[in-house]
Protein chains: 2
Amino acid sequence: MTALLSSEELEAALRRIGVERYHNLHPFHRALHGGQLQKFQVQAWALNRYYYQSRIPAKDAYLVARLPDPALRRLWRSRIEDHDGHIQPEGVEQDGGIARWLKLTDGLGLDRDYVISTRGILPGTRHAVDAYVNFVRDRPILEAIASSLTEMFSPTIISERVSGMLRHYDFIGPETLAYFTPRLTQAPKDVEFALAYVKEHARTPEQQEAVLEALRFKCGVLWAQLDALAYAYVSPGHIPPGAWRP
Amino acid sequence: MTALLSSEELEAALRRIGVERYHNLHPFHRALHGGQLQKFQVQAWALNRYYYQSRIPAKDAYLVARLPDPALRRLWRSRIEDHDGHIQPEGVEQDGGIARWLKLTDGLGLDRDYVISTRGILPGTRHAVDAYVNFVRDRPILEAIASSLTEMFSPTIISERVSGMLRHYDFIGPETLAYFTPRLTQAPKDVEFALAYVKEHARTPEQQEAVLEALRFKCGVLWAQLDALAYAYVSPGHIPPGAWRP
């Protein structure tokens, strides 16, 4: 890419990456939403995805540590709060996204200590999630922020997922899916800031290409996690040594 | 694990990990050696595995950078030399493992610039290899050295691989497999030092468990690369967006 894109063209190019690479296109996701998975396969998904959820605050804290001013840090800190929860003025703890994800794994009958230990996750899950955390820790701030923009595409997938899973799986009820409801409002709020930041700060063709590449990388992080799940738990006999066995 | 293992028990525990987790057990490897792959699948393996080869000197240089004395650094530096090659006194360059790997990808008909660009590799390959490099960069030296010990198991797999591939694939000749022959002597030399180091320096049960865990981690790095290949290129329709298409 050599020409400088307008702000609208850059946004369109980002959205095109979502159309081509977001993990709603992955066969495992289609099967998950479409009710084609057995319970142990949904369990494997929730168990592995817990590791992703659990590392999101670390990823965001690395970015907060690198942001240069209080206003930016405050904005980005809200992501950590969304995932880790709050202590209310009355001293009551309010659950965040991680605690709500554990309601999902509880609801699926997985042992909570085992889930939190992450001992049973697939190597591919661990490598992909760690790659994301390291990307945000190590790359320029512009690219780190751009890598969050998969959330541009998440509200659709979340509403599909919730309705599809409730309809198709009798072992899943609304309270088990409590994780997802707040994400429908949190993700757009987060995207609004990140997209504006990227549009403002990607001022050269090279920076714009770096932003697009960061989003491609992140799509790969999400996609590779589903590849690992699909290979291990959809086709029989492919669970790696040491990983969770149903 | 709470009891301190003897040196022999520690070695036996390391070897047991190989028996249970080394990637010679992976269905993709069995298919590769057994002649059950089509040419495009062997190409995909060589293309992706190039990224692993290309990062090995970086992994080893991170360790050299952290080793505390010249004798240790000299020993470990020989691994970088094995992969990157030498400039002989007469000024003639002598190829290393990376150049020999490119003979394999050349022999398979892949474009060399495309291979070196690593643009077409699977996200799962990139995440796994980067996880290994980061592990060696970031973890205690003892664990970084222990993670190299998969080479205890590699001479067997290499000789199986060479003979199996020559026997089964008419598109592969001995010169294409030039990478592997030196590894049959390099790997045992490297293992001798690393194993002795680990036995000497893992002096507490916790250190011994960390050493075993480092080897399990590394087995996961190798295993996950084959998971990604098998999912993308063995079952039809699963090549991730952006990855090489035959």
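# A tour of the two-chain model

Start with both chains shown: a rotation of 180° with 0.0 Å of shift along its axis places chain A on chain B, at an RMSD of 0.0 Å. The two copies are thus related as by a two-fold rotation axis. Keep in mind throughout that this is a predicted model.

**Stop 1: the interface, from chain A**

Select the residues of chain A that touch chain B. Contacts run between 25 residues of chain A and 25 residues of chain B. On the chain A side, the elements giving two or more residues are α1 (7-21), α7 (123-138) and α11 (205-233). Colour these three helices separately; α11(A) gives the most, with 10 residues. By class, the chain A side of the interface holds 13 nonpolar, 7 polar and 5 charged residues.

Which surface does each copy use? Of the interface residues of chain A, 100% are also interface residues in chain B, so the copies meet through the same surface.

**Stop 2: α11 of chain A against α7 of chain B**

Now hide everything except α11(A) and helix α7 of chain B, residues 123-138. Their axes come within 9 Å and cross at roughly 95°. An angle of 65 to 115 degrees counts as roughly perpendicular, and α11(A) and α7(B) are therefore roughly perpendicular to each other.

Show side chains for the contact. From α11(A), select A:Gly220, A:Val221, A:Trp223, A:Ala224, A:Asp227 and A:Ala228. From α7(B), the partners are B:Pro123, B:Gly124 and B:His127. This contact of α11(A) with α7(B) comprises 5 nonpolar, 3 polar and 1 charged residues.

**Stop 3: α11 of chain A against α3 of its own chain**

Stay on α11(A) and bring back helix α3 of chain A, residues 39-66. The axes of α3(A) and α11(A) come within 11 Å, crossing at roughly 145°. The crossing of α3(A) past α11(A) is right-handed.

The residues to select in α3(A) are A:Gln41, A:Ala44, A:Trp45, A:Asn48 and A:Tyr52. They meet A:Gln225, A:Leu229 and A:Tyr233 of α11(A). The contact of α3(A) with α11(A) divides into 5 nonpolar and 3 polar residues, with no charged ones.

**Stop 4: Thr118 in both chains**

Go to A:Thr118, in the loop between α6 (112-117) and α7 of chain A. What is the sign of phi at A:Thr118? It is positive, about 55°, although the residue is not a glycine. With 16 other C-beta atoms within 10 Å, A:Thr118 is partly exposed.

Then select B:Thr118, in the loop between α6 (112-117) and α7 of chain B. Here phi is near 55°, again a positive value in a residue other than glycine. B:Thr118 is partly exposed, having 16 other C-beta atoms within 10 Å.

**Stop 5: the end of α11 in chain B**

Move along chain B to B:Ile239, in the segment after α11 (205-233). Is B:Ile239 buried or partly exposed? It counts as partly exposed, with 16 C-beta neighbours inside 10 Å.

Leaving out residues up to four places away in sequence, B:Ile239 touches B:Ala232, B:Tyr233 and B:Arg245. Add B:Leu122 to the selection: B:Ile239 and B:Leu122 are 117 residues apart in sequence, and their C-alpha atoms are 8.4 Å apart.

**Stop 6: α9 and α10 of chain B**

Select helix α9 (residues 154-168) and helix α10 (residues 180-201) of chain B. The two pack at an angle of about 170°, with their axes 9 Å apart. That makes α9(B) roughly antiparallel to α10(B).

On the α9(B) side, show B:Ser154, B:Pro155, B:Ile158, B:Ser159, B:Arg161 and B:Val162. Facing them in α10(B) are B:Phe180, B:Arg183, B:Leu184, B:Ala187 and B:Pro188. The contact of α9(B) with α10(B) has 7 nonpolar, 2 polar and 2 charged residues.

**Stop 7: Gly96 of chain B**

Finish at B:Gly96, in the loop between β2 (93-94) and α5 (97-107) of chain B. B:Gly96 is buried, with 20 other C-beta atoms within 10 Å. The cut-off for this class is 20 or more.

Apart from residues up to four places away in sequence, B:Gly96 touches B:Glu81, B:Asp82, B:His83, B:Asp84 and B:Gly85. For a last distance, pick B:Pro182: B:Gly96 and B:Pro182 are separated by 86 residues in sequence and by 9.6 Å in space, C-alpha to C-alpha.

Methods:
Residues are numbered from 1 along each chain as its sequence is written. Chains are lettered from A and ligands numbered from 1 in the order in which they are written. This is a predicted model: local features need pLDDT of at least 70, side-chain atom pairs count only at pLDDT 80 or more; totals for chains, interfaces and linings use all residues. Two residues are in contact if their C-beta atoms, placed from the backbone, lie within 7 Å. Helices (H or I, at least four residues) and strands (E, at least two) are DSSP runs, numbered from the N terminus. Ala, Val, Leu, Ile, Met, Phe, Trp, Tyr, Cys and Pro count as nonpolar, Asp, Glu, Lys and Arg as charged, and the others, Gly among them, as polar. Axes are lines fitted to C-alpha atoms, for helices over the stretch in contact, and angles run from 0 to 180 degrees between N-to-C directions. Angles under 35 degrees count as roughly parallel, over 145 as roughly antiparallel, 65 to 115 as roughly perpendicular and the rest as oblique. Copies are superposed by least squares on the C-alpha atoms of residues with pLDDT of at least 70 in both. A residue is buried if 20 or more other C-beta atoms lie within 10 Å of its own, exposed if 12 or fewer, and partly exposed in between; C-beta atoms are placed from the backbone. A crossing is left-handed if the near helix is turned anticlockwise from the far one by less than a right angle, and right-handed if clockwise.
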